[in-house]
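Student: Can we go through this one together? I'd like to know what stands behind each label.

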Amino acid sequence: MENAHGKVIKYGDNVDTDVIIPARYLNSSDPSELATHCMEDLDKDFLSKMKPGDIMVAEKNFGCGSSREHAPIAIKACGISCVIAETFARIFYRNAINIGLPIIECPKAVAGIDNGDEVSIDFDSGIIKNITKGTSFKGQPFPEFMQKIIDAEGLVNYINSK
Amino acid sequence: MGMTMTQKILAAHAGLKSVEAGQLIEAKLDLVLGNDITSPVAIHEMDKMKVDGVFDKDKIALVPDHFVPNKDIKSAEHCKCVREFAKKNDITNYFEVGQMGIEHALLPEKGLTVAGDVIIGADSHTCTYGAVGAFSTGVGSTDMAAGMATGMAWFKVPSAIKFVLKNKPAKWVSGKDIILHIIGKIGVDGALYKSMEFTGDGIQYLTMDDRFTIANMAIEAGGKNGIFPVDDLCLKYISEHSNRKPVVYEADADAVYDEVIEIDLATLRPTVAYPHLPENTKTIDDSVKDDIKIDQVVIGSCTNGRMDDLRIAASILKGKKVAAGMRLIVIPGTQQIYLDAMEEGLIRTFVEAGGVVSTPTCGPCLGGYMGILAENERCVSTTNRNFVGRMGHISSEIYLASPAVAAASAIAGRIADPETV
């Protein structure tokens, strides 16, 4: 799979789906429209400071709250190439895999990466390199079954290929 | 090795004799649920699948409830998409305005969720049906689409935390106080990826509505599901609401749990969760000392919009008036609850107290409509989340509480102990 390479935008614990995409915008399901409100209630400067390809890093329980798939859709549509977190809330985790948003659980990488660091990721090996600090980390590999969904770039393609 | 109640239900639906925590399985689904926000995305995804319609028109429930009756043109388009899909696929359990209710109040009432079922819903509070002894869990829209198309879903078999509820709770302590206390104790990721299995002699003192409230908020502790043993009260509820036969599973005596947590219900106090996480809990006693002035009170939602909730709120509000400037919004969970509340005179009590009573909707809980908060406003709400901006402006504050505390606070104009109003 393609590597990710970009600057890091880092957040703390319990980033919930209401701040990732507030419900007042859920009268739309258009990815490009959702993307224009991504992270709005947590970080109003997010869209102006992020560049396509950038990497989001967060601490515990990222994506907690609602089942809205609009949350990973908004993050993917605004151009974030990967989310690294200590842990993900379980529905967000499923949703990200199902829609093809790359995510990695790696507490050590989260501890060793600061806001603004330049990071590259090799999805096949799970190696996360912090280019700014000259360090590297290995993310948790996905179970084989999930890797098949990821390789198919989402659940719809996976089901169609069966 | 013994299995938990959840693991037994999953094993049976995967056609396996036994399963263990961490195992990936594919399970047959008894029900797939979606609402007006999540279903349009699922319908769009299903269109991309090479399938010929839905797996079973009787095993899909479509409940437009979040922004319904349509709050604006875009919401109306979403609802139209769901309505047309339901018509095209001849979906038996599509609930139009007039028949609908808040999904998690509605489906058990309609008898669509019974003990032993495996249920997925594209709504995080789908875990509610653990109250009737079902395995039910929230998923996203793509999982919903796959479920509607194939009747199957993949799961990682969860490990479990066993909560032993002991003794009888005091007068004003409800299911809401119990689950808020638990979330305060273990944190919003305290049960991440896990089952929350509730057991113990204290369960006999909990009404079905209490149990729905507790199972409903398992997700606020990060749980995959919350589940109750099936007792006589539960079987009575199911037989009164459903023609389907429940299948009763019990945890093995040697089931393995990650943790066993005992909760003495007799020692609990009414509990309030402060902004901006459900784990920020305080007892009502500490909360009253904080002297928190309130602008709005919401009583309703999939967490606390059932008859018990409305009855207890009305018992406190009867013959009283809400504080000057207070906005009290009461939302019965379903049309049946609305009718029952009307017949019992509860609606009159709310209106005479100075409250408004709305048609069933999720509206204000997620900041959709019907009670949005302005800058710096504070709300006591019987809903389930108090995240930043959840009910409106990002500086507004939500205090989660039981219907009793909410009703008392509406009268006092500040967070109040129901014992003292």
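Tutor: Sure, we'll take the labels one at a time and set the values against the definitions. This is a predicted model, where local features need pLDDT of at least 70 and side-chain atom pairs count only at pLDDT 80 or more, while totals for chains, interfaces and linings use all residues. Residues are numbered from 1 along each chain as its sequence is written, chains are lettered from A and ligands numbered from 1 in the order in which they are written, and side-chain values use heavy atoms, with hydrogens and water left out.

Student: What makes a residue part of the contact, and how many does each chain give?

Tutor: Contact means heavy atoms within 4.5 Å. On that rule chain A gives 42 residues and chain B gives 46.

Student: And what does the buried area stand for here?

Tutor: Buried area is the accessible area (1.4 Å probe) that two parts lose on being put together, summed over both. For chain A and chain B that comes to about 3700 Å², with carbon and sulfur atoms giving 58%. On the chain A side, A:Asn27, A:Arg90 and A:Arg94 supply 20% of the area buried against chain B, more than any other three residues.

Student: Why is the pair A:Lys162 and B:Glu26 called a salt bridge?

Tutor: The rule wants a side-chain nitrogen of Lys or Arg within 4 Å of a carboxyl oxygen of Asp or Glu. A:Lys162 and B:Glu26 have N to O at 3.7 Å, so the pair passes. Across this interface the rule finds five salt bridges.

Student: What about A:Asp18, which residue does it bridge to?

Tutor: A:Asp18 pairs with A:Arg68, the closest N and O atoms being 3.3 Å apart, so this one meets the cut-off too. The two are 50 residues apart: A:Asp18 sits in helix H1 of chain A, and A:Arg68 in the loop between strand E2 (55-58) and H4 of chain A. Over all chains the structure holds 33 salt bridges.

Student: How do you know that something is a helix or a strand?

Tutor: They are DSSP runs, numbered from the N terminus: helices are H or I with at least four residues, strands are E with at least two. Strand E4 of chain B covers 93-94, so it just qualifies as a strand.

Student: What makes E3 and E4 of chain A a pair?

Tutor: Two strands pair if DSSP finds at least two bridges between them. Strand E3 (residues 82-85) and E4 of chain A have three, in the parallel sense, so they count as paired. In E4(A), A:Ile104 is the bridge partner of A:Ile84.

Student: Why are E4 and E7 of chain A the edge strands?

Tutor: The open sheet runs E4-E3-E2-E1-E5-E6-E7 in chain A, seven strands with mixed pairing. E4 (103-105) and E7 (135-138) each have a single partner strand, so one side of each is left without a neighbour in the sheet.

Student: Which strands make up the open sheet in chain B?

Tutor: Five strands, in the order E4-E3-E2-E5-E6, with parallel pairing. Strand E2 (residues 31-35) and strand E5 (residues 118-121) of chain B share three bridges, so they pass the pairing rule as well.

Student: Where in the backbone is there a cis peptide bond?

Tutor: One joins B:Val68 and B:Pro69, with omega about -10 degrees. B:Pro69 lies in the loop between strand E3 (60-63) and helix H3 (73-88) of chain B. Another joins B:Pro275 and B:His276, with omega about -5 degrees.
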